[in-house]
Amino acid sequence: MLSTPMGFAAALVWLVLAGPAASPVFAEPARWVTVPGKSLVSFDAIFPPADFSGFGRDVSGEFEADAADLSHGVTGRLSVRVSGISTGNEGRDKEMWKALAAERFPAMQFVIQTVDAPSFPPGIAEHLDTLLTIQGRLSIAGVERVKRFSGRVRFMQGRLWVRGESRFKMSDFGIKPPQYLLLGVKDEVGVGFDLLLERQP
């Protein structure tokens with residue numbers, strides 16, 4: 001996925017909610033980055049013989065937000081390495097990377113434009129999800145489109161756990177749905193991100 005997620009963040013965009021129990025230390029704009037090895041983007045594809053999913057864990061993202069009041073604005077960017085996305089089947093993965101023009105465009109990126117959090121209070125809490133609508137510019141295979149993700153965020157031991165999902169067509173990005181075993185993957189896919197962010201000094 002992920003100026004700014006998801007994801008494919010974004011993921012990603014990419015993102016914070018602070019209720020009365022939130023720590024005052026977070027009541028100011030701060031920089032948040034993805035925790036290495038703890039974030040991923042995913043997709044679900046419809047394939048007549050058997051639907052399948054793909055996961056990308058080579059994810060990087062950087063965001064700025066006031067966890068105490070998201071209405072102050074959220075910016076950020078999420079990036080995922082295309083050749084790091086795997087469906088668990090080597091032959092299928094190669095067809096997918098080819099369809100996504102991985103050699104020419106090695107990363108997918110999502111740059112946040114707006115984040116709306118209609119919940120009250122307007123900040124991030126420890127044990128309660130804050131619902132988000134995340135809009136941004138998603139770039140896949142060299143084509144950029146504005147997309148929206150439904151998301152949620154909460155504090156988790158001082159870090160931010162952010163999730164989001166959307167559905168769109170591969171053809172929106174000029175991508176011809178790949179074929180595997182002479183059968184084609186359906187055009188529409190579900191895309192999601194699951195990010196763990198830590199605050200930077």
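## Strand S10 and its surroundings

In this predicted model, strand S9 (residues 143–156) runs antiparallel to S10, and 7 bridges join the two. Within this pairing, Arg154 has Trp161 of S10 as its bridge partner. The two strands make up a hairpin with 2 residues between them, and Gln157, which lies in the loop between S9 and S10, has a positive phi of about 55° in that turn.

S10 also pairs with strand S13 (residues 188–200), again in the antiparallel sense, over 10 bridges; here the bridge partner of Arg163 is Asp194 in S13. The strand itself, which spans residues 159–169, has two faces: Leu160, Val162, Gly164, Ser166 and Phe168 make up the covered one, whereas Arg159, Trp161, Arg163, Glu165, Arg167 and Lys169 make up the uncovered one.

Lys169, one of the residues on the uncovered face, counts as partly exposed because its relative accessibility is 43%. Lys169 and Glu188 are separated by 19 residues in sequence, yet their C-alpha atoms are 4.1 Å apart in space. When residues up to four places away in sequence are not counted, Lys169 touches Asp187 and Glu188.

Which elements give two or more residues to the lining of the largest pocket? The pocket holds about 160 Å³ of space, and the elements in question are strand S2 (40–45), S9, S10 and S13. Its lining consists of Leu40, Ser42, Ser150, Gly151, Arg152, Arg163, Gly164, Glu165, Gly192, Phe193 and Asp194, which divide into 2 nonpolar, 5 polar and 4 charged residues. Arg163 and Asp194, the bridge partners named above, are both among these lining residues. The lining also includes Gly164 and Glu165, of which Gly164 belongs to the covered face of S10 and Glu165 to the uncovered one.

Most residues other than glycine have a negative phi. Against that background, two residues can be set side by side.

| Residue | Phi | Loop | Relative accessibility |
|---|---|---|---|
| Ala101 | near 50° | between helix H1 (90–99) and strand S7 (107–116) | 22%, partly exposed |
| Gln157 | near 55° | between S9 and S10 | 76%, exposed |

Gln157 counts as exposed because its relative accessibility of 76% lies over the 50% cut-off, whereas Ala101, at 22%, counts as partly exposed because buried would mean under 20%.

Technical notes. Residues numbered from 1 in each chain as written. Predicted model: local features only at pLDDT ≥ 70, side-chain atom pairs only at ≥ 80, totals over all residues. Heavy atoms only, no water. Buried < 20%, exposed > 50% of the residue type's maximum accessible area, 1.4 Å probe, protein only. Helix = DSSP H or I, 4+ residues; strand = E, 2+ residues; numbered from the N terminus. Pairing = 2+ DSSP bridges. Contact = heavy atoms within 4.5 Å. 1 Å grid on protein atoms, 1.4 Å probe; cavity = no way out; pocket = protein on both sides within 12 Å on 5 of 7 lines; lining within 4 Å. Points joined across faces, edges and corners; volume = space filled by probe spheres on them. Nonpolar A, V, L, I, M, F, W, Y, C, P; charged D, E, K, R; others polar.
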